[in-house]
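The following paragraphs lead the reader through a single protein chain, beginning with one strand and widening to the whole. Please keep the sequence and the structure in view while reading.

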Amino acid sequence: MVVKAAASLELVQETPYRWRIERQGAMRVPGVVFTTRELLPDLSADQSLAQVAAVATLPGVVEAVYAMPDVHWGYGFPIGGVAATDVDRGGVVSPGGVGFDISCGVRLLLAGLHLDRLRPRLTALMDALADAIPRGMGRGAVWRPRGTAELEGILAGGARYAVERGHGEPADLDRCEDRGALADADPGAVGARARERGLEQVGSLGSGNHFLEVEAVTEVYDERIAQTYGLWPGRVCVMIHTGSRGLGHQICTDFVRRMETAMDRYGISVPDRQLACAPVFSAEGGAYMGAMAAAANYGRANRQLLGQATRHAFDRAVGHGDLTVLYDVSHNLAKIETHGSRRLCVHRKGATLALPPGHEDLPPDLRPVGQPVLVPGSMGAGSYVLAGVPDSPAFASACHGAGRRLSRHQAVKTTTAARLRAELQAAGIVVRGASARGLTEETPEAYKDVDAVVDACEGAGLARKVARLAPVGVVKG
DNA sequence: ATGTGC
């Protein structure tokens with residue numbers, strides 16, 4: 001089966017879950033889209049697969065540019081895209097391949113109680129969370145760093161620094177990707193404006209698709225892995241989805257501009273200005289990697305602080321805040337990783353790291369079963385926990401969510417905030433803190449079906465289903 | 001995503 005797009009993209013179906021974009025023109029490698037016929041983006045209306053083809057022209061790109069089943073249009077790179085470059089053969093890093101929200105990701109906390117025991121206190125808990133979680137554009141944060149030393153600590157030390165300063169338990173770090181901090185952060189590469197913006201937002205949720213949800217385990221698909229993860233039916237969980245706020249955004253803006261002018265000097269030409277890039281081993285590439293890692297650490301500290309604020313809210317409203325971290329993982333990041341014999345810069349933008357069983361970067365207790373892959377669905381739709389699998393085909397990556405289907409502009413035309421609130425209430429979901437605009441932009445209608453996306457992810461061999469979580473309360477910006 | 005737009 002071959003599908004021709006207007007822009008002459010040629011898609012060849014290889015399996016029920018895998019489609020190839022044939023190499024042509026300036027493409028150095030093919031594209032590979034992991035999806036089903038039902039979820040395949042409409043080539044006449046959607047640019048995301050054309051973006052996959054454009055990314056495949058970048059210097060040093062290897063193997064293939066991959067798209068996850070939740071792929072959709074993004075700045076330069078598609079969201080739900082994975083691209084790796086060979087750093088020892090002129091491979092580039094591109095800020096657009098990480099995205100504006102550097103180290104946006106998900107933390108899942110597990111509570112020590114069954115939903116039946118939470119129900120009578122749910123309203124009180126949601127009120128306490130609404131009180132404890134700063135959210136929305138700009139506005140308030142859990143922690144206001146004193147002077148530059150504390151901000152430096154956050155940029156260099158991420159969640160580890162937050163824990164050192166009393167915001168959480170050392171054991172939390174065992175369940176964080178990179179134990180809570182990327183080692184090669186360079187706070188000196190973070191510009192003054194990014195720092196200014198960062199000072200005001202340490203420990204804040206933000207807006208858009210960021211949220212905090214109280215959920216409960218409703219389905220278990222893999223008993224053994226679920227047991228290792230501690231996911232039993234009815235267990236209350238808290239999912240926190242946020243990133244590096246204005247600081248990461250400013251760093252992306254600064255480096256896109258800087259690389260746009262640097263590309264000529266390196267003899268790089270790209271089909272789209274939004275693919276601005278520089279060799280990883282260049283002044284601009286190196287500075288970006290250091291600043292990006294610092295933003296990633298800021299994002300990890302952010303989720304650590306919000307996790308701690310969640311514990312306090314549980315303490316106040318439920319009487320015990322014995323929340324443990326299942327895992328904390330980024331889905332917007334570029335990392336230098338070894339695959340086979342090569343050192344690659346793997347860009348994951350709207351794609352979750354999914355380490356296989358046995359991987360040395362996993363904590364010993366999770367190593368036998370693989371990394372928890374946290375997949376938030378659209379608002380009110382539920383979320384999934386998957387596990388990384390051996391020999392996965394996209395540099396150990398999986399989907400990161402349901403994936404947008406309608407733009408924010410289109411989304412607000414489909415419903416009203418009042419109607420959405422009523423629908424969530426009818427589904428037994430308590431909503432706190434959501435602005436009318438924010439709520440309507442996030443209508444589930446604007447997203448793909450997370451169940452179908454996760455099934456495609458599993459069918460494609462990217463990850464394995466472990467458990468499904470259903471929301472009972474949501475805090476939004 | 002974002003002091004939402006050069």
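Both faces of strand E16 are covered: Pro372, Leu374 and Pro376 on one side, and Val373 and Val375 on the other, are all buried. Here buried means under 20% relative accessible area, exposed over 50%, and partly exposed in between, with a 1.4 Å probe and protein chains only. In a regular strand the side chains alternate between the two faces of the sheet. Because five of the five residues of E16 (residues 372-376) are buried, the strand is largely enclosed by the rest of the structure. Strands (E, at least two residues) and helices (H or I, at least four) are DSSP runs, numbered from the N terminus.

The model is predicted: local features need pLDDT of at least 70 and side-chain atom pairs count only at pLDDT 80 or more, while totals for chains, interfaces and linings use all residues. Residues are numbered from 1 along each chain as its sequence is written, chains are lettered from A and ligands numbered from 1 in the order in which they are written, and side-chain values use heavy atoms, with hydrogens and water left out.

The partner of E16 is strand E17 (residues 383-388), which runs antiparallel to E16 and is joined to it by five bridges; two strands pair if DSSP finds at least two bridges between them. Pro376 of E16 stands opposite Ser383 in E17. Six residues lie between the strands of this hairpin, in which Gly380 takes a positive phi near 85 degrees.

Beyond E17, the loop leading to strand E18 (397-398) contains Ala396. Phi of Ala396 is also positive, near 55 degrees, in a residue other than glycine. Most residues other than glycine have a negative phi, and most peptide bonds are trans. Ala396 counts as buried, because its relative accessibility is 14%. Glu63 likewise has a positive phi as a residue other than glycine, near 65 degrees. Glu63 is placed in the loop between helix H1 (48-55) and strand E5 (65-72), and its relative accessibility of 43% makes it partly exposed.

Two further buried positions show which parts of the sequence meet in space. Ala294 lies in helix H9 (residues 283-318) and is buried, with a relative accessible area of 0%. Not counting residues up to four places away in sequence, Ala294 touches Leu155, Ala185, Asp186, Pro187 and Val190, where contact means heavy atoms within 4.5 Å. Ala294 and Leu155 are 139 residues apart in sequence, yet their C-alpha atoms are 4.5 Å apart. His331 occupies the loop between strand E12 (324-330) and strand E13 (332-339), and is buried at 2% relative accessible area. Neighbours within four places in sequence aside, the contacts of His331 include Cys104, Gly105, His241, Arg348 and His400.

At the level of the whole chain, there are 13 helices and 20 strands in chain A. Of its 477 residues, 63% count as buried. Among contacts between residues at least 6 apart in sequence, 75% join residues at least 24 apart. The radius of gyration of chain A is 21 Å, which agrees with the value near 23 Å for a compact globule of 477 residues; the radius is taken over C-alpha atoms, and the globule rule is 2.2 Å times the number of residues to the power 0.38. Along its principal axes the C-alpha trace spans about 60 × 55 × 45 Å.
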